[in-house]
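Hi everyone, thanks for coming along. I have one small protein to walk you through today, and we'll take it step by step.

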Amino acid sequence: MNIQQTLETVYKGVNGEYYAGEEAWDFIKNRTGFDLKQILIDIADQKTPEKS
């Protein structure tokens with residue numbers, strides 16, 4: 001967590017943007033129109049054997 005806070009401070013210090021967690025997934029979805037998080041979840045579900 002400390003590293004993420006440092007990165008956020010550095011990026012914002014140079015007028016950049018920093019996204020982490022759900023905010024990052026939302027940024028990708030809003031920017032591209034693709035729900036990458038859900039795509040990856042669906043792929044993982046297909047590759048993971050069902051639990052009995």
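Let me begin with a term we'll need all the way through: a residue is called buried when its relative accessible area is under 20%, exposed when that value is over 50%, and partly exposed in between. Take Ala 20 as a trial run: its relative accessible area is 28%, so Ala 20 is partly exposed. You'll find Ala 20 in the loop between α1 and α2. And please keep in mind that what you see is a predicted model.

Now the overall picture. How many helices and strands does the protein have? There are three helices and zero strands. Reading from the N terminus, the order of the elements is simply α-α-α. Helix α1 covers residues 2-13, α2 covers 22-32, and α3 covers 36-47.

What about the overall dimensions? If you draw a box along the principal axes, the C-alpha atoms fill roughly 50 × 25 × 10 Å. The radius of gyration is 15 Å, while a compact globule of 52 residues would come out near 10 Å. Buried residues make up just 2% of the 52 residues. The protein exposes about 4,900 Å², and 54% of that is supplied by carbon and sulfur atoms.

Let's look at the surface next. Which residues form a nonpolar patch there? They are Trp 25, Phe 34, Leu 36, Ile 39, Leu 40 and Ile 43, and together they have about 520 Å² of accessible area. Helix α3 gives the largest share of this patch, with four residues. Phe 34, on the other hand, sits in the loop between α2 and α3. Is Phe 34 buried or exposed? Its relative accessible area is 54%, so Phe 34 is exposed.

On to the charges. The protein has 6 positive and 9 negative charges, and the mean positions of the two groups are 2 Å apart. Some of the charged side chains pair up: the structure holds three salt bridges. Let's visit each of them.

We can start inside one helix. The side chains of Glu 8 and Lys 12 meet in a salt bridge, at 2.9 Å from N to O. Both residues belong to helix α1, and they are four residues apart, about one turn of the helix. Glu 8 has a relative accessible area of 29%, so Glu 8 is partly exposed.

The next bridge joins two helices. Here the side chains of Glu 22 and Lys 37 meet, with 2.4 Å from N to O. Glu 22 lies in helix α2 and Lys 37 in helix α3, so this pair ties together parts that are 15 residues apart in sequence. Glu 22 is partly exposed at 46% relative accessibility, and Lys 37 is partly exposed too, at 28%.

Then there is the bridge between Asp 35 and Lys 29, where the closest N and O atoms are 3.8 Å apart. Why does this pair count as a salt bridge? The rule asks for a side-chain nitrogen of Lys or Arg within 4 Å of a carboxyl oxygen of Asp or Glu, so the pair qualifies. Asp 35 is partly exposed, with a relative accessible area of 31%, and Lys 29 is partly exposed at 40%.

Now for a spot in the backbone. In the loop between α1 and α2 you'll find Asn 15. Its phi is near 60 degrees, a positive value in a residue other than glycine. Asn 15 counts as exposed, because its relative accessibility is 74%.

Before we stop, let's compare sequence and space with two pairs. Asp 26 is in helix α2 and is partly exposed at 42% relative accessibility. Asp 26 and Leu 36 are ten residues apart in sequence, and their C-alpha atoms are 9.2 Å apart in space. How far is Ala 20, our trial residue, from Gly 33? These two are 13 residues apart along the chain, and their C-alpha atoms are separated by 18 Å.

So, to recap what to look for on your screens: three helices without any strands, a nonpolar patch with its largest share from helix α3, and three salt bridges. Thanks for listening!

Key
Residues are numbered from 1 along each chain as its sequence is written. This is a predicted model: local features need pLDDT of at least 70, side-chain atom pairs count only at pLDDT 80 or more; totals for chains, interfaces and linings use all residues. Side-chain values use heavy atoms; hydrogens and water are left out. The radius of gyration is taken over C-alpha atoms; the globule rule is 2.2 Å times the number of residues to the power 0.38. Buried means under 20% relative accessible area, exposed over 50%, partly exposed in between (1.4 Å probe, protein chains only). Accessible areas come from the Shrake-Rupley method with a 1.4 Å probe; for residues, only the protein chains shown count as cover. Lys and Arg count as positive and Asp and Glu as negative; His and the chain ends are not counted. The place of a charge is taken as NZ of Lys, CZ of Arg, CG of Asp or CD of Glu. Patches are made of residues with over 30% relative accessible area and no salt bridge: like charges are joined within 9 Å, nonpolar side chains (Val, Leu, Ile, Met, Phe, Trp, Tyr) within 5 Å.
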